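Good morning. Please have the sequence and the structure open while I talk.

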Amino acid sequence: MVPPAVMSRVLSLRGSGVLPVAGGEVMGEGLRVRVDRGAAFRAVLAGGAAEYLMSSGQMQGCVVLNCPALHPKPNTPTPDTLTLGQLRTVLLADHMGALLRRQGFSVSYCPTLPEDSDIITFLRTLGLDWPTAPANWTNEEREEKLQEALENSPYRERETERGRRTSGGGGGGGGRKAEEGENEGALRVNLKRVFQEEGLLGYDPSLGTCTVHRDSISQLAQLDIATADCTVATATVLHVTSCQDEFRQQQIAMLWRASGATHTQRHLVCGPVKTPGSHLTAAQYLQLRRGQMKEASEMKYGDQVEGQTWDDIIRVMTSATVRFELLSTVHTSPVTLDVQREGSVSTKGPRGGVFVMYNCARLHTLFDSYERGVGKGLYPEIPDGSELDFSALKEEGEWLLLFNYLIPFSELLDQSGQALDCDGGAARVNIKTEQICKFLVSLSKDFSSYYNRVHVLGEPLPHLFNQMFCRLYLLRALRELYHSALDTLNLPPIRQL
């Protein structure tokens, strides 16, 4: 039984995020509520749906996204030395940064890379805006201070403590007697004591005594710089690393802690990227996908595919393909890529970045067609939403687009920032980084199904205009939804395909 007072309160609910209720009745199973769909469409669409396209709550704080794959070892990585697993971590860091900025966090990236380097050119091709410094820039003064801080650290292993198992800090794990002999007199830090005595959870218990090498000091100095401009006393540093490099990054994190850094450190760990039957570097993979994208475009559009405009389209579509391939899977799981050279990239298959970009472009084409119709006098200008009867949106596909995509999007944006504070403060953090890509693919499938079935721009007859305008309001909000979601992947929309 449902008490009458409960029924009355449910029917009287009002407010942002509460769907208008048309009525309800008590059933054998409980209370059944009927949503007033026309009122719901009006509530979301009449004002442009702007509040549904942004993060619902503005967070505060400073987040540094550290990409170990981009740190010198000892040389700056190049596209030809970057592995696909490492590329996955870089793209994930970029995506996380965009999501966190949308929620109000101050975000910076680490490390700073030499401007005009091959790796910066490569990242810009993929749409990443990574911080740079002049090629002759050095960080020696900060490195010297960190070296001194570690030498004076209470966790430094003294000569009398030698002989214990080391964890081989700078290049791998496991104690090695040969290394002990070679590094006689080298600076060593007991990392296990760091996380045990400071109560840090989730660190590998096999972390032992680490020998401090130059590339370790270099990474610590970069982290110091990245956190120096934070406006809060304690920043959150998110190390985005591959599973192969996780142990090494835990060493770095504890070394930094031993030097006196008190920032919160979390580890976002990515599974491996597999390419059965071949081995490709990041540069080769991008070149392969670009060639396939160009070939697919030429097959569809022929001789039109030339000039700067098409070069830009192919670059963005290639970046979309790469991002969706590497980011659509749960970050802890492996990704398996089909990198057979005889394959091609479909421009219409219901999966991946190309399909998403194609459907976003269809919305631009629709509104271009409408504007041309207005110019020819076929259609009037779209009226204010208050003048429309949104009950004309009767298609189930229209309700699905509103209820499954427009309404819950802001909540989806919020989840990455909330996850930083979860997991009880353990070293590892698990964030549903695949959700935006999956959301966009699912949206594109449902939008494509609706768009193929419904003729939006109908005959220019006055009695049909109300329904046409209501549909244009819905699809205009969807277009902005695409833009908002693609912006978190640093993918600019393409207006025409």
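I will start with a definition: a residue is called buried when its relative accessible area is under 20%, exposed when it is over 50%, and partly exposed in between. With that cut-off, buried residues make up 50% of the 497 residues in the protein chain. Please keep in mind that this is a predicted model.

Next, the overall picture. The protein chain has 16 helices and 12 strands. About 22,800 Å² of the chain is exposed, and carbon and sulfur atoms supply 49% of that area. Now take the contacts between residues at least 6 apart in sequence: 78% of them join residues at least 24 apart.

Two helices let us do a short piece of arithmetic. Helix α11 covers residues 308-327, which is 20 residues. What span should we expect at 1.5 Å a residue? The expected span is 28 Å, and the end C-alpha atoms are 28 Å apart, so the two agree. This helix is mostly covered, with 14 of its 20 residues buried.

The other helix is α15, residues 435-453. Its 19 residues should span 27 Å at 1.5 Å a residue, and because its end C-alpha atoms are 27 Å apart, expectation and model agree again. Which residues of α15 are buried? They are I436, C437, F439, L440, V441, L443, S444, F447, S448 and Y450.

While we are on helices, look at M293 in α10, residues 282-301. M293 has a relative accessibility of 2%, so it counts as buried. Its C-alpha atom is separated by 9.8 Å from that of I313, and the two residues are 20 apart along the chain.

Now to a pocket. Rolling a probe the size of a water molecule over the atoms shows where empty space is left. I will take the second largest pocket, which has a volume of about 440 Å³. Three elements each give two or more residues to its lining: β5 (113-114), α5 (140-151) and α8 (214-228). Which of the elements gives the most to this lining? That is α8, with 4 residues. The whole lining has 20 residues, and P72, W137, E143, S218 and Q222 lie nearest the centre of the pocket. By type, the lining divides into 9 nonpolar, 7 polar and 4 charged residues.

The next topic is backbone geometry. Most residues other than glycine have a negative phi, and most peptide bonds are trans. Here are some exceptions. The peptide bond from K73 to P74 is cis, with omega near -5 degrees. P74 sits in the loop between β3 (62-66) and α3 (84-102). Another cis peptide bond joins C110 and P111, where omega is about 5 degrees. P111 is in the loop between β4 (106-110) and β5.

For phi, look at D116, which is not a glycine and yet has a positive phi of about 65 degrees. D116 belongs to the loop between β5 and α4 (118-125). Is D116 buried or exposed? It has a relative accessible area of 67%, so D116 is exposed. N490, also a residue other than glycine, has a positive phi near 55 degrees. It is in the segment after α16 (462-487). With a relative accessible area of 27%, N490 is partly exposed, because that value lies between the 20% and 50% cut-offs.

Last, two residues whose partners are a long way off in sequence. D368 is in helix α12, residues 352-375. Its relative accessibility is 26%, so D368 counts as partly exposed. The C-alpha atoms of D368 and Q496 are separated by 9.7 Å, while along the chain these residues are 128 apart.

P383 is in the loop between α12 and α13 (396-406). Its relative accessible area is 18%, and because the cut-off is 20%, P383 counts as buried. P383 and N466 are 83 residues apart in sequence, but from C-alpha to C-alpha they are 9.3 Å apart in space. What is P383 in contact with, leaving aside its neighbours within four places in sequence? The answer is L388, F469 and Y473.

That is the end of my part.

Note on methods: Residues are numbered from 1 along each chain as its sequence is written. This is a predicted model: local features need pLDDT of at least 70, side-chain atom pairs count only at pLDDT 80 or more; totals for chains, interfaces and linings use all residues. Side-chain values use heavy atoms; hydrogens and water are left out. The expected span of a helix is 1.5 Å times one less than its number of residues. Buried means under 20% relative accessible area, exposed over 50%, partly exposed in between (1.4 Å probe, protein chains only). Contact means heavy atoms within 4.5 Å. Accessible areas come from the Shrake-Rupley method with a 1.4 Å probe; for residues, only the protein chains shown count as cover. On a 1 Å grid over the protein atoms alone, a cavity is a set of points where a 1.4 Å probe fits but cannot get out, and a pocket is an open set with protein on both sides within 12 Å along at least five of seven lines; lining residues have an atom within 4 Å of a point. Grid points are joined across faces, edges and corners, and a volume is the space filled by probe spheres set on the points. Ala, Val, Leu, Ile, Met, Phe, Trp, Tyr, Cys and Pro count as nonpolar, Asp, Glu, Lys and Arg as charged, and the others, Gly among them, as polar.
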